[in-house]
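Here is a friendly walk through one helix pairing and its surroundings. Have the model open beside you as you read.

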Amino acid sequence: MKRTLILILILLFCISNSLFSFESTQTDDKLLEKFRNSNYDDFEKTWFYKIDKDYNLLLVDHYEAFIVNSENCFKKSKLYLWTDEDCGQKLSSQIEKYRLKPFYVYVIDLSFDEKYDILDYSLGGMCLDFEMYTDTEDRDYLFDYSRSLYTFEGIEIKFCIINGKRGFVFTEPQKYENNKSGFYYWSPSEQKYILDESATQEQIKKAIVPEDYFAYNGLKFSSLNKNLKKSDLENLDAAQLRLMRNAIYARHGRIFTSVDLQSLWECYTWYKPNPDYNDSMLTKTDKKNLKLIQDMERITGTYVPDLPK
């Protein structure tokens, strides 16, 4: 009986680790020595997470984060935990798999440039912080909100599509009478999230809120410049395969009827809508990649063509 219980616990541990989106790394001796010299005494209580080849997030005692780039430069910030109810169930369901557990810090491509950005929200005392920023040393903010509040009841955050724009709805009880919400959309030209003052409360209520809003995260559409291999696609789910397939057309300016696709391509600076698009613009590489992706989708039974306008 004990042996069976131990095996079950080991299995559960393996499954939970497989769900973790980012690689937990061993402590690097040089990195730890650098951290020791930063005058932080309690350096042993740390977690290291590998984000990409040049970027680590080092978490300390649940409350402090040190962001470390390829030059071992440390940037420090305080972390305070929210519960799922504090931020709203919709955000939790959309974003959970990108979370650096057990912290409310997420690594997502928020700026649509195939590079990781940081989203974190924190609650300390009576202060609410909701930040989105790039991993540059100067912390280039994509969106930054910090304010003292008397109540957190009614706050809601969800990523959605309104009027063909991708962004998020943020409800702040003290700023908006009767708990009105604001819609912040991504502006490719300004490279920031901007309040859309034209969005009505009715439009916000009827916003398209995809569960797979962040399916593009981690996809390298630039890889479509060359012939893909089956191994490039094996770990992609149905939503990601669909995006990779339609990115081939989007790179030539095709305009789509699917709101989620069109709104996504509009966020990339490389996308130039072309009303005169036709399939003759596709290269030999494009056609080979299309066939490979479609074959993968047919194997999984997920292939559904998206028609142009």
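In this predicted model, the axes of helix α7 (residues 238-250) and helix α9 (residues 284-300) come within 10 Å, crossing at roughly 160 degrees. Angles over 145 degrees count as roughly antiparallel, and α7 and α9 are therefore roughly antiparallel to each other. Their crossing is left-handed.

Which residues of α7 and α9 meet? From α7 come Leu-241, Arg-242, Met-244, Arg-245, Ile-248 and Tyr-249. On the α9 side, you will find Asp-286, Asn-289, Leu-290, Ile-293, Gln-294, Met-296 and Glu-297. By character, the residues of this contact divide into seven nonpolar, two polar and four charged.

The two helices can be set side by side for their dimensions:

| Helix | Number of residues | Expected span | Distance between end C-alpha atoms |
|---|---|---|---|
| α7 | 13 residues | 18 Å | 18 Å |
| α9 | 17 residues | 24 Å | 25 Å |

For α7, the span expected at 1.5 Å a residue agrees with the distance between its end C-alpha atoms. The reach of α9 is close to the value expected on that basis.

Now for burial, which here means under 20% relative accessible area. In α7, 11 of the 13 residues are buried, so the helix is largely enclosed by the rest of the structure. Among them are Leu-241, Met-244, Arg-245, Ile-248 and Tyr-249, each of which also takes part in the contact with α9. The buried residues of α7 further include Ala-239, Gln-240, Leu-243, Asn-246, Ala-247 and Ala-250. Their cover includes α6 (230-233), α8 (259-265) and α9.

In α9, the buried residues are Asp-286, Asn-289, Leu-290, Leu-292, Ile-293, Gln-294, Met-296 and Glu-297. What covers them includes α6 and α7.

Elsewhere in the chain, Arg-99 is worth a look. You can find Arg-99 in the loop between α4 (89-95) and β6 (105-108). Is Arg-99 buried or exposed? With a relative accessible area of 11%, Arg-99 is buried. Its C-alpha atom is separated by 9.3 Å from that of Leu-119, a residue 20 residues apart from Arg-99 along the chain.

Stepping back to the whole chain, there are nine helices and 13 strands. Of the 309 residues, 46% are buried. Among contacts with a separation of 6 or more, 49% are between residues 24 or more positions apart.

Key
Residues numbered from 1 in each chain as written. Predicted model: local features only at pLDDT ≥ 70, side-chain atom pairs only at ≥ 80, totals over all residues. Heavy atoms only, no water. Axes fitted to C-alpha atoms, helices over the stretch in contact; angles between N-to-C directions. Helix = DSSP H or I, 4+ residues; strand = E, 2+ residues; numbered from the N terminus. Parallel < 35°, antiparallel > 145°, perpendicular 65-115°, else oblique. Left-handed = near helix turned anticlockwise from the far one by under 90°. Contact = heavy atoms within 4.5 Å. Nonpolar A, V, L, I, M, F, W, Y, C, P; charged D, E, K, R; others polar. Expected span 1.5 Å × (residues − 1). Buried < 20%, exposed > 50% of the residue type's maximum accessible area, 1.4 Å probe, protein only.
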